[in-house]
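Before reading on, please take a moment to look over the chain from one end to the other. The paragraphs below start with its overall order and then turn to some of its details.

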Amino acid sequence: MQREFSSNQSYVLLSDLANELKIPAYRLRSWEVLYPFIQSFRDSAGRRFYDKKTVGIFKEISRLLYQEGRKNTEIFSLISAMLDGEDDALKATSSQEENISFNMDGVSSSSFLRKLREIFEDLNKLGETIAYQKNI
């Protein structure tokens, strides 16, 4: 997703974030696909940048995955719930710059994320069932 840079917002380059977290850049890029609430900003050269909020999400995902040993479905649920609460607080303060939400044909971002979370959990259960049947 391409966005305009705001002059009063600080951004972190993908390679700098990867070095800070000690995680390969390709892994961070893959999280953009796996977790739809992660959004990068790109400059004219195509380099990926992240705002403070997204950097915080990356750090939380890293902590949950590598320190707590959580599964992707758990991480998705925890981060989504965190963002749902944050989204409500942001709407209350009506901060346009920080409120990263979307609306698809009248579907709110929180209901979309809830549905996406349900689908992700169903897929995880299906994968566990298949793995169990292979081991029988």
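Starting at the N terminus, the elements of the protein chain follow the order β-α-α-β-β-α-α-α, which gives five helices and three strands. The model is a predicted one, and that should be kept in mind while following each step. Of the 136 residues in the protein chain, 32% are buried, and the chain exposes about 8,600 Å², of which carbon and sulfur atoms supply 52%. If we consider the contacts between residues at least 6 apart in sequence, 61% of them join residues at least 24 apart.

A good place to look more carefully is helix α1, which covers residues 14-21 and in which L14, L17, A18 and L21 are buried. Viewed down the axis of α1, these buried residues fall within an arc of 100 degrees, so they line one face of the helix. This pattern can be understood from the geometry of helices in general: an α-helix has 3.6 residues a turn, so residues three or four places apart point the same way. What do the buried residues of α1 pack against? Their partners are β1 (11-13), α2 (25-34), β3 (48-51) and α3 (52-67). After α1 comes K22, a residue with a positive phi, near 60 degrees.

Helix α1 also takes part in a contact between charged groups. Side chains of opposite charge can pair when their charged atoms come close. The side chains of E20 and K59 meet in a salt bridge, with a distance of 2.9 Å from N to O. Because E20 lies in helix α1 and K59 in helix α3, the pair ties together parts that are 39 residues apart in sequence. Both ends of this bridge are partly exposed, E20 having a relative accessible area of 45% and K59 one of 38%.

A search of the whole structure finds six salt bridges, and the one just described can be set beside two others. The side chains of R47 and D43 meet at 2.6 Å, N to O; here R47 is partly exposed, with a relative accessible area of 46%, whereas D43 is buried, with a value of 12%. In the salt bridge between E68 and R63, the closest N and O atoms are 2.3 Å apart, and these residues are partly exposed, E68 at 39% relative accessibility and R63 with a relative accessible area of 28%. E68 and R63 also belong to a network of salt bridges that links them with E60 and R70.

From charged side chains we can turn to nonpolar ones. In soluble globular proteins, nonpolar side chains tend to be buried together. The largest nonpolar core in this structure has 22 residues, and the members that touch the most others are L28, F37 and I38. Which elements give two or more residues to this core? They are α1, α2, α3, α4 (72-93) and α5 (109-135), and the largest share, five residues, comes from α3. F37 is worth following through the model: leaving aside residues up to four places away in sequence, F37 touches I57, F76, I79, S80, L83 and L113.

Taken together, these steps lead from the order of the elements, β-α-α-β-β-α-α-α, through the buried face of α1 and the salt bridge between E20 and K59, to the nonpolar core of 22 residues.

Methods
Residues are numbered from 1 along each chain as its sequence is written. This is a predicted model: local features need pLDDT of at least 70, side-chain atom pairs count only at pLDDT 80 or more; totals for chains, interfaces and linings use all residues. Side-chain values use heavy atoms; hydrogens and water are left out. Helices (H or I, at least four residues) and strands (E, at least two) are DSSP runs, numbered from the N terminus. Buried means under 20% relative accessible area, exposed over 50%, partly exposed in between (1.4 Å probe, protein chains only). Contact means heavy atoms within 4.5 Å. Accessible areas come from the Shrake-Rupley method with a 1.4 Å probe; for residues, only the protein chains shown count as cover. The arc is that of the directions from the helix axis to the C-beta atoms. A salt bridge is a side-chain nitrogen of Lys or Arg within 4 Å of a carboxyl oxygen of Asp or Glu. A nonpolar core is a set of buried Ala, Val, Leu, Ile, Met, Phe, Trp, Tyr and Cys residues joined through side-chain atoms within 4.5 Å.
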